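Grab a viewer and work through these exercises on the model below. Each one has a task, then a solution that goes step by step.

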Amino acid sequence: MACRIAIIGAGIVGSAVARELTKYEGLEVCIVEKEADVGWGASKANTGILHSGYDDDPGQFPKRARLCRAGNELWHKLAEELQIPVKWCGALVLAFNEHERKVLADLLLRGKINGVQGLRIIERETIQELESNASQEAVEALWAPTSGIISPYEATIALVENAAENGAKLYLETVAKKIVVRNRSVVGIETDRGFLGADFVINASGIFGDILSRTAGVSNFSIRPRRGEYFLFDRDSKPKVGMTLFPAPRPETKGVVVTQTTDGNLLVGPNAKDLEETERESTQTTREGLEEVWKEASRLVRGLPPRGAAMRTFAGLRPEPNKGDFIIEAYEEPSGLVNCVGTRSPGLTSAPAIAKEVTKLLVERGTRLEKKRAWVSERRAMTRFRELSSVEKDRLILKDPSYGKIVCPCETVTEAEVREAIRRGAGTLDSIKFRTRAGMGRCQGSFCLAKLLILLEKETGRRVEDITAKGNGSKIVVGKVRPEHGTE
Amino acid sequence: MREYEADVIVVGGGPAGLAAASSCREAGLKVLLVEREEVLGGILPQCIHTGFGILETSEDYTGPEFAEMLERRARNLGVEILLNSYVTQLIYADGKGVLLEAISPRGVENMRARSLIFSTGCRERNAFEIGITGDRPAGVMTAGTAQALMDLHGLLPGREVVVVGSGDVGLIMSRRFALEGAKVKAVVEISRYPGGLTRNVVQCLEDFGIPLLLSHAVVEVRGRKRVESVIVSEVDERQAPIRGTEAEIKCDMVVVAAGLIPDVGLLEKAGAKIDPSTGGPVVNEFLETSLHGVFACGNALVVNDLVDHAVEQGRLCARSAKSFVEGALERPDVWKMALPGENVKFVVPQIFSGRRETTFYARVKSPVRDCALSFKEIAKEIGIRAAMPAEMVRVKIEGTHLSSLGGTLTFEVRRWQKGK
């Protein structure tokens, strides 16, 4: 009989686990996600940095230390197989004084212990050579050449698409209420859409991890939201930073970083504000928070663009576990529960390694795993019209003229790409945005919103009044203009 | 790949571009008008209110009517029009010719011409650019998007509305929502006076009982999925929110009408000089940008409050392009500069030769009554009954005055001092 695996949460961790488990015979994998799309929690609102692995003390946070470095290495192949945008651009941790120089020395040593390759302390002149926009006040830097950046939401989408191709099922807008235990074993999940039976429940519910774990009787940890706020600048903004720039870290955070995104936007943030346990959806930005981010960022980089030129500000919540380290555990009781939570930074980097760790736990719990013969390792990325050469563009338009119809002028997104996104499962405006970049440019959707709405109506056959920005409760329009004219 | 060739290419088929293309044809030029949308007219087709063409025709048209007139004229004159054609790149503009690349359902197209007229319009500032914090729910949109939904697609985007900004766009959209039976809870204006014309304040707000909150800002949006309320705060003289004055207004929609910015990314990338005070290119009296043979008009040049001015600028561009194509466009070694002085935000054109009568457009920073536009360099004063930021000041200055100038001409608007 097949072994049924239910994963709670289609964030980067849940998605990576799902994809990994589809490699094996006899596992029926499904993912339950409360949002209207995958990756809409912490996975979409972070720096997108693939850390090299010098940050975490292996004595204090053994899982973070080990899985970060391992994950960093795994992403190379994974990003290639799944065509996820990634850049191995390297990072600099800048020190501005004697105290911070000591911190760098500690980081270097820790990195060596964690097995990070290529770490080096560099002097002021070399900093300027490597990154001409770095602050000239920086006296020394730790250079981590194996650090990279990834598009975290595209990574999540890619993992889920590939998992689905290999048989995993995804239930969107389905809220897991309770992990159900009978006779000291997990038997499934109670959701707002009914009961889902499972032999293993993998709890990858991020910020809600402790609450769900408690429903299964495991309450040896707690999670609190730690909010971070960001500024995002348009692709044409200057300065461009080639590398990710970090300040010397503090215990609670790696600090405000200045980085590029894989699409070439300048991204600045996050601060670290601990919220109450009840504030698990409080992704508001604040004036104070943004102020703080800006002040910190100005130390790192010369000539940041004016603050008001930021095309978007946003905030995300990291799931901060009370003991600090990731919680990746299976239990004697209840058997069948695997917690995969507390994946604060470097959770994104570690995700592929966490997935392997979960596999190991399943084997330890007596699951026999045999690799499938027909497993598809690769996934094709969305067409990115904007990045093609003129000849390639022309060829595509010849095949399908809707590649010649621009929907989002800021990011040069075509009607054909929007259709492709919808075919691949995008059912909301944000889902289209994260797959195509329509609405992610300078004007933040004011030119394309109406067009996307009409396209979604046409392609899905849904009523335009029912189309949402981001799932239940987020309708774009409330009705028709003067509906009485139609009925009288 | 398809190739097009013309004497002049006009990018953008709104009112300025249509007027420019028609005038180019009248001057006997081969002109190609390139428009990215399926229809011509720019923003006009969604502006179903009146107020268009008053100076041009002495009639008061709606946006769609005025657009149709301009389009009919262009078509009758034989302007070659490419719709659904989006210019992605200005490959070069070297003073001898220009080369553009565009994308259309026909394929990737190259377009060559001697001269280029840029009439790409403007874009709206969004909620983030004006520093609104809080949640990011559905129901926050710019006035133009709301207008497109309502008047191009017949869809109502909200029922309880807070409008940010009291420029004409914000005022007109407030009335538009009120006419649909939506409740406009407030229009929130950060400055001490309304940003739009007095006529619009009366007709769009007062007549509909819509409150106008001056010296206030929307500082925060609340609502996880859809807007539930906004936090409004009083602001000080520097327009910074005053702590302790925050109040909540329940609503399901925020309409952002917080200003327009010329959409000139292509020009900027091609190296044209940009004037930070207008957001558009620096031009001379021929409306020629710092790229020789490349001209700009309409809201891509400077955000206009009257479509008639956009049309006028389009025509001037056409005349200039004609001279340029014929090799007769003047290019003095030294340009004189028009400078914004007291209470003036910008002056367009920014540079001029001083050899001919020149039309200048300027905008004041704060409203004044019984005032004068004065130029210290030529000891000239022009009386104005009232000047306000909403209304562009348009003034013609004779060549004789301009030729006698030194290097600069400073525009200042101050209260009329009687007996001076």
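**Exercise 1. Get an overview of chain A.** Count the helices and strands of chain A, then check its radius of gyration against that of a compact globule.

*Solution.* Start with the secondary structure: chain A of this predicted model has 13 helices and 24 strands. Next, the size check. A compact globule of 488 residues would have a radius of gyration near 23 Å, and chain A has 23 Å, so the two agree. The C-alpha atoms fill a box of roughly 75 × 60 × 45 Å along the principal axes. Now look at burial: 54% of the 488 residues of chain A count as buried. Finally, take the contacts in chain A with a separation of 6 or more: 73% of them come from residues 24 or more positions apart.

**Exercise 2. Follow strand β13 of chain A.** Which way do the residues of β13(A) point, and are they buried or exposed? Then find the strands that pair with β13(A).

*Solution.* Begin with the general rule: side chains in a regular strand alternate between the two faces of the sheet. In β13(A), residues 200-203, F200(A) and I202(A) point one way, while V201(A) and N203(A) point the other way. All of these are buried.

Now for the partners. Strand β1 of chain A (residues 3-8) pairs with β13(A) in the parallel sense, over four bridges. Strand β21 of chain A (residues 337-341) also runs parallel to β13(A), joined by three bridges. To see how the strands line up, use N203(A) as your marker: I8(A) stands opposite N203(A), and N203(A) stands opposite N339(A) in β21(A).

**Exercise 3. Sort out a three-stranded sheet.** What is the strand order in the open sheet that contains β3, β8 and β4 of chain A, and which strands are at its edges?

*Solution.* The order is β3-β8-β4, with antiparallel pairing. The edges are β3 (49-50) and β4 (86-87) of chain A, as each pairs on one side only. Zoom in on one pair: β3(A) meets β8(A), residues 148-150, over two antiparallel bridges. There, I49(A) stands opposite I149(A).

**Exercise 4. Check a helix in each chain.** Test the length of α5 in chain A and of α5 in chain B, then work out why each is described as largely enclosed.

*Solution.* First, α5(A), residues 152-165. At 1.5 Å a residue, its 14 residues should span 20 Å, and the end C-alpha atoms are 20 Å apart, so expectation and model agree. Of those 14 residues, 12 are buried, so the helix is largely enclosed by the rest of the structure. Among the buried ones are Y153(A), E154(A), I157(A), L159(A) and E161(A). They pack against several elements of chain A, including α1 (12-21), β2 (27-32), β8 and α8 (347-364). Just past the helix, G167(A) takes a positive phi of about 105 degrees.

Now repeat this for α5(B), residues 168-179. Its 12 residues should span 16 Å at 1.5 Å a residue, and the end C-alpha atoms are 16 Å apart, which agrees. Nine of the 12 residues are buried, so α5(B) is largely enclosed too. D168(B), L171(B), M173(B), R176(B) and F177(B) are among the buried residues. Their cover includes α4 (143-151), β14 (183-188) and α6 (198-205) of chain B. Just after α5(B), G181(B) has a positive phi of about 85 degrees.

**Exercise 5. Take apart the contacts between chains A and B.** How many residues of each chain are in contact, and which element of chain A gives the most?

*Solution.* Count both sides: 45 residues of chain A are in contact with 44 residues of chain B. On the chain A side, α9(A) gives the most, with five residues. By class, that side has 19 nonpolar, 14 polar and 12 charged residues. Then look for strand pairing across the chains: β24(A) and β12(B), residues 155-156, pair in the antiparallel sense over two bridges. In that pairing, K480(A) has L155(B) as its bridge partner.

**Exercise 6. Finish with the domains of chain B.** How far apart are the C-alpha centres of domain 1 and domain 3 of chain B, and how many residues are in contact?

*Solution.* Set the bounds: domain 1 is 2-123 + 261-331, domain 2 is 126-258 and domain 3 is 338-415. The C-alpha centres of domains 1 and 3 of chain B lie 26 Å apart. For the contacts, 14 residues of domain 1 of chain B touch 16 of domain 3. The domain 1 side has five nonpolar, five polar and four charged residues.

Key. Residues are numbered from 1 along each chain as its sequence is written. Chains are lettered from A and ligands numbered from 1 in the order in which they are written. This is a predicted model: local features need pLDDT of at least 70, side-chain atom pairs count only at pLDDT 80 or more; totals for chains, interfaces and linings use all residues. Two residues are in contact if their C-beta atoms, placed from the backbone, lie within 7 Å. Ala, Val, Leu, Ile, Met, Phe, Trp, Tyr, Cys and Pro count as nonpolar, Asp, Glu, Lys and Arg as charged, and the others, Gly among them, as polar. Two strands pair if DSSP finds at least two bridges between them. Domain bounds come from an automatic or database domain assignment. The radius of gyration is taken over C-alpha atoms; the globule rule is 2.2 Å times the number of residues to the power 0.38. A residue is buried if 20 or more other C-beta atoms lie within 10 Å of its own, exposed if 12 or fewer, and partly exposed in between; C-beta atoms are placed from the backbone. The expected span of a helix is 1.5 Å times one less than its number of residues.
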